[in-house]
Amino acid sequence: MASSGIIAFIFTVLCICAVKSGFIKVECKAENVGQYGQQSVLECVIKTSTDVNDPTIRTVAWKKLTSPEDEGDLVLGFNRGKLDQPKRGYRFAEPLWNEKNMNVSLLITNTAVKDDGYYKCIVITDSGDNSMVTTLKVQARYSVPTVHSIPEIIVPNTDSTLICESRGGYPNGTLRWFDEEKHEWTKSSEMEATQSDDGLFQLTSRLSLLGGSTFPKYTCAVFNASGGKEDEKTFETNIPPSSSRGSEELPHSGSGYPSKVVAPLVVIGSLIVGLLLLLLYRKRSQSGHGPVSTDVEEGYNSPDDASINQDQS
């Protein structure tokens, strides 16, 4: 009988705690976006049921987590009327926050890359307790790209390389190449991303240009991790458009290629002209418009004339 009474008591306590916890709910914005070097706010407020009248907050704990299931490290705490010594750069978003204020949002005064990740807000009141996990996505805008070439001056019909750089961004972005007609050449390039001590990325992309197939202009554009274009830079190769088109229409095998093609054409053309003149000369000779026969000039008598003279004698 005693054991059954204890079981009933524990069951009653659990039911009361479950009902009491239902009076309080922490509601947080699922995902918050913060800009590097600026203030960021993780929005969380306490909602109460109609059965709760003027609740008092006993404990608030903000923790930085490595994963949603992690216990985390305390970055800001309030316990029974006293504010724990917070970590530098963390405080309540409400400047005059107290135990009656249901807005428990967290303010990060100077957002860094290390602030990116999961956070957990734990609230205990005299009317119940609750907790919620939220996230902060840190972003940093990339600088305007810079573009230079190797060699510094690009010579027509010679290979060269364009190098594009953009830095100071987060998360990891991409550099993409386009010609003056908006055709993309990114697949012909190689990109490298390096992360500095502050967590920001530097992007470097190299685009190889083949001699004889170089466009007058190339544009390097930097895109953030979400695929949005942030900025771009156009580089002029000083290669005339005609040079690019000519090299695309004919196979490139060196600067002497045109002369190798033209010389045989001149010889063939001369032979054709000579044959045409010879045919024209023969045709004129056969039609009687040519030179007088040498046989006539020498007084040559035909066989018919010889027979006539013989009869007369």
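A disulfide is a pair of cysteine sulfur atoms within 2.5 Å. Keep that cut-off at hand for the first exercises. The structure above is a predicted model.

**Exercise 1. Test the pair C164 and C220 for a disulfide, then place both residues in the chain.**

Step 1. Take the distance. The sulfur atoms of C164 and C220 lie 2.0 Å apart, and the two form a disulfide.

Step 2. Find the strands. C164 sits in strand β13 (residues 160–169). C220 sits in strand β17 (residues 217–223). The bond links distant parts of the chain, 56 residues apart.

Step 3. Read the handedness. The torsion about the S-S bond of C164 and C220 is about -85°, so this disulfide is left-handed.

Step 4. Check the surroundings. C164 and C220 are both buried.

**Exercise 2. Do the same for C28 and C44.**

Step 1. The sulfur atoms of C28 and C44 are 1.9 Å apart, and they form a disulfide.

Step 2. C28 belongs to strand β1 (residues 24–28) and C44 to strand β4 (residues 44–48), so the pair ties together parts that are 16 residues apart in sequence.

Step 3. Here the torsion about the S-S bond of C28 and C44 is about 115°, so the disulfide is right-handed.

Step 4. C28 is buried, and C44 is buried too.

**Exercise 3. Why does C121 form no bond with C44? Then give the overall disulfide pattern.**

Step 1. Find the cysteine sulfur closest to that of C121. It belongs to C44, at 4.6 Å.

Step 2. Compare with the cut-off. A disulfide needs sulfur atoms within 2.5 Å. The 4.6 Å between C121 and C44 is therefore too far for a bond.

Step 3. Is C121 buried or exposed? Its relative accessibility is 0%, so C121 counts as buried.

Step 4. Take the total. The whole structure holds 2 disulfides. Count the bonded cysteines along the chain, and the pattern reads 1-2, 3-4.

**Exercise 4. Map the open sheet that is formed by 6 strands.**

Step 1. Write the order: β2-β11-β10-β5-β6-β7. The pairing is mixed.

Step 2. Which strands are the edges? They are β2 (31–35) and β7 (82–83), and each pairs on one side only.

Step 3. Look at one pair inside the sheet. Strand β5 (residues 57–65) runs antiparallel to strand β6 (residues 73–79), with 6 bridges. Across this pair, K64 stands opposite D73 in β6.

Step 4. Recall what holds such pairs. Strands of a sheet pair through backbone hydrogen bonds.

**Exercise 5. Follow β17 into its hairpin with β18.**

Step 1. State the pairing. β17 and strand β18 (residues 229–236) are antiparallel partners over 7 bridges.

Step 2. Which residue in β18 stands opposite T219? The answer is T234.

Step 3. Inspect the turn. The hairpin has 5 residues between the strands. G227 takes a positive phi near 90° in this hairpin.

Step 4. Connect with Exercise 1. C220 of the left-handed disulfide lies in β17.

**Exercise 6. Describe the setting of T237.**

Step 1. Locate T237. It is in the loop between β18 and α2 (241–249).

Step 2. Classify T237. A relative accessible area under 20% means buried. T237 has 3%, so it is buried.

Step 3. Find what its side chain reaches. The side chain of T237 comes to 2.7 Å from the backbone oxygen of F215.

Step 4. List its contacts. Leave aside neighbours within four places in sequence. T237 then touches I154, L209, T214, F215, P216, K217 and Y218.

**Exercise 7. How many salt bridges does the structure have? Work through some of them.**

Step 1. The search of the whole structure finds 4 salt bridges.

Step 2. Take R176 and E184. Their side chains meet at 3.0 Å, N to O. R176 has a relative accessible area of 26%, so it is partly exposed. E184, at 40%, also counts as partly exposed.

Step 3. Take K229 and E232. Their closest N and O atoms are 3.0 Å apart. K229 is partly exposed at 49%, and E232 is partly exposed at 35%.

Step 4. Take R167 and E165. Their closest N and O atoms are 4.0 Å apart, and the two form a salt bridge. R167 is partly exposed at 44%. E165 is partly exposed at 25%.

Notes
Residues numbered from 1 in each chain as written. Predicted model: local features only at pLDDT ≥ 70, side-chain atom pairs only at ≥ 80, totals over all residues. Heavy atoms only, no water. Pairing = 2+ DSSP bridges. Helix = DSSP H or I, 4+ residues; strand = E, 2+ residues; numbered from the N terminus. Buried < 20%, exposed > 50% of the residue type's maximum accessible area, 1.4 Å probe, protein only. Polar contact = N/O pair within 3.5 Å; in protein donor to acceptor, adjacent residues only side chain to side chain. Contact = heavy atoms within 4.5 Å.
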